[in-house]
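This report walks through a protein and its ligand, taking the salt bridges, some individual loop residues and the ligand surroundings in turn. Please keep the sequence and the model in view while reading.

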Amino acid sequence: MSEQLRYERNWAGNYRYRASEIYAPASVEEVQEIAARSSRVKTLGSRHSFNGIADTHGVHVSLEKLNRIVGLDRANGRVTVQAGIRYGELCRYLDAHGFALPNLASLPHITVIGACATATHGSGDRNGCLATSVRALELVAADGNKVALSRDDGQGTLEGAVVGLGALGIVTAVTLDVVPAYRMSQTVYESLPLARLADDFEAIFSAAYSVSLFTDWREAAFNQVWVKKKETEPDFGREPETFYGAARAASPRHPVPGFPAEPCSEQLGISGPWFERLPHFRMNFTPSAGEELQSEYIVPRASAYDALLAIAGLRERIAPLLYISETRTIAADDLWMSPFYRQDSVAIHFTWKPDWHAVSQVLPLIETALAPYDARPHWGKLSLMPPERLRPLYERLPDFLRLARRFDPEGKFGNAFLERYVTGTAADD
Ligand SMILES: Cc1cc2nc3c(=O)[nH]c(=O)nc-3n(C[C@H](O)[C@H](O)[C@H](O)COP(=O)(O)OP(=O)(O)OC[C@H]3O[C@@H](n4cnc5c(N)ncnc54)[C@H](O)[C@@H]3O)c2cc1C
């Protein structure tokens, strides 16, 4: 069952895993056996996180062989999948059966569970992060026993387990709430001054189902606005020439200036299925720049403009290191370790050139500039925020630690990342 170590690094190549072995179990029983007999174990998703959240000194488990659709409950609008499935595969299945997910991240290549574990999100004033679609989970705890959790079981535990940071066990199956399939269009507008957000922030972000602003911070302006509309929205198919002063792009665009638009999802207002418009990138292309680093900070929606002004104050330091920065809105949720817990939020994202030394000089400046807004770093991206500043930002952290101890009393799903940022114990992994 033990396979040759194939995944030495994460997707971006910036992080080298320290696991001694990797297993790819073909059944839940094998997962149970691995969990029970290992002293340190960690599940890998599609390895798209940029930090050590998925690392271990023990054994890695990849669920890539456990990636089946288990069942579609049409009457209640739910789909159950094995935990190795990626959004790209799930979306095609759902659409073919007349269903959809409410939102997606910028790329469809990531696993559902890996995304939910780190509170991965897309954009949209009324769209929660992807983990908010989770109705139920099945996981294998440290002793090898199966645990089933559901929003409907009256325990209130699922809300603690969904954004689980890989700390609670090996999730083997997940049930997601789904909605009827829908069609969307995507239109890109160019050149929106940052100052326009002073008065029009609410109007700009609520103008469509999902709105993203992209800037390279060479100017105090957004190079592009990506507007994703559902077919039920007013003016669907009749996209105006201008959007708050930004001009409609005449041809497809890549978010990074000068990059070819081929890997990007269809634009120009052309109607198509939800799963081919919500992600910025197509499934069959490598997204973004490939070799890159990413950081992202989540601030309360009410502070977003001030936070963006604080970033603009650093743009001469930021711009030379940056491919692109994206600003998105995310609705509040009730998931304990979500950065959006009970807070309508705005996420300010940075895709950096792969120069960690230079980026590591700038991150503390950004983190200091955003400190007045209680910025929370994305769980799957790079930050240098001191743990003593991060932990108090999560009011349900004590409850989460109790839950982790219940499923994993010895900390076998722990790692240096969790010990530093979550449990606050010595990083001896
Ligand atoms: C090009 C690119 C674009 C991105 N775009 C976005 C975006 O639009 N929005 C956004 O919010 N983020 C984005 N991200 C970040 C990404 O979504 C997160 O890092 C996400 O966690 C990646 O999922 P993964 O399947 O690769 O998980 P991994 O990185 O492999 O693992 C993440 C965590 O999930 C845990 N895990 C995985 N599977 C299981 C399981 N079965 N049981 C228990 N724990 C498990 C791991 O142990 C680890 O703790 C992007 C990343 C890249 C590289």
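Arg 18 is partly exposed, with a relative accessible area of 37%, where partly exposed denotes the range between buried, under 20% relative accessible area, and exposed, over 50%, as computed with a 1.4 Å probe and protein chains only. The model is a predicted one, in which local features need pLDDT of at least 70 and side-chain atom pairs count only at pLDDT 80 or more, whereas totals for chains, interfaces and linings use all residues. Residues are numbered from 1 along each chain as its sequence is written, and side-chain values use heavy atoms, with hydrogens and water left out.

**Salt bridges**

The side chain of Arg 18 meets that of Asp 55 in a salt bridge, with an N to O distance of 3.1 Å; the term stands for a side-chain nitrogen of Lys or Arg within 4 Å of a carboxyl oxygen of Asp or Glu. Because Arg 18 lies in the loop between β1 (2-3) and β2 (21-23) while Asp 55 lies in the loop between β3 and β4 (59-62), the pair ties together parts that are 37 residues apart in sequence. Helices (H or I, at least four residues) and strands (E, at least two) are DSSP runs numbered from the N terminus. Asp 55, at 1% relative accessibility, counts as buried. By the rule given above, the count comes to 22 salt bridges.

A network of salt bridges links Arg 78, Arg 135, Asp 152 and Asp 177. Two of the pairs that involve Arg 78 are set out in the table.

| Pair | Closest N to O distance | Separation in sequence |
|---|---|---|
| Asp 152 and Arg 78 | 3.6 Å | 74 residues |
| Arg 78 and Asp 177 | 3.6 Å | 99 residues |

In the pair of Asp 152 and Arg 78, the aspartate sits in the loop between β9 (146-150) and α4 (158-161), and the arginine in strand β6 (residues 78-82). Asp 177, the partner in the other pair, belongs to strand β10. Arg 78 is partly exposed at a relative accessible area of 23%, and the same class applies to Asp 152 at 48% and to Asp 177 at 22%.

**Individual loop residues**

Ser 123 is placed in the loop between α3 and β8 (134-140) and is buried, having a relative accessible area of 3%. A polar atom of the Ser 123 side chain lies 2.6 Å from the backbone oxygen of Val 211, and a polar atom of that side chain lies 3.2 Å from the backbone nitrogen of Thr 329. Such polar contacts are pairs of N or O atoms within 3.5 Å; within protein, one atom must be able to donate a hydrogen and the other to accept it, and residues adjacent in sequence count only if both atoms are side-chain atoms.

Ala 119 also lies in the loop between α3 and β8, and has a positive phi of about 60° although it is not a glycine. At 1% relative accessibility, Ala 119 counts as buried. Asp 235, likewise not a glycine, has a positive phi of about 65°; Asp 235 is found in the loop between β14 (221-230) and β15 (242-243) and is partly exposed, with a relative accessible area of 40%.

**Surroundings of the ligand**

Of the 37 residues around the ligand, those that come nearest are Thr 43, Ser 46, His 48, Ser 49 and Thr 111, a residue being counted as near if one of its heavy atoms lies within 4 Å. The residues of this shell divide into 16 nonpolar, 16 polar and five charged, with Ala, Val, Leu, Ile, Met, Phe, Trp, Tyr, Cys and Pro taken as nonpolar, Asp, Glu, Lys and Arg as charged, and the others, Gly among them, as polar. The largest share of the shell, four residues, comes from α3.

An oxygen atom of the ligand lies 2.8 Å from a backbone N or O atom of Gly 45, and a polar side-chain atom of Thr 118 lies 2.8 Å from an oxygen atom of the ligand. A polar backbone atom of His 121 is 2.8 Å from a nitrogen atom of the ligand. Taken alone, the ligand exposes 970 Å², of which the protein buries 98%; these accessible areas come from the Shrake-Rupley method with a 1.4 Å probe, and for residues only the protein chains shown count as cover.
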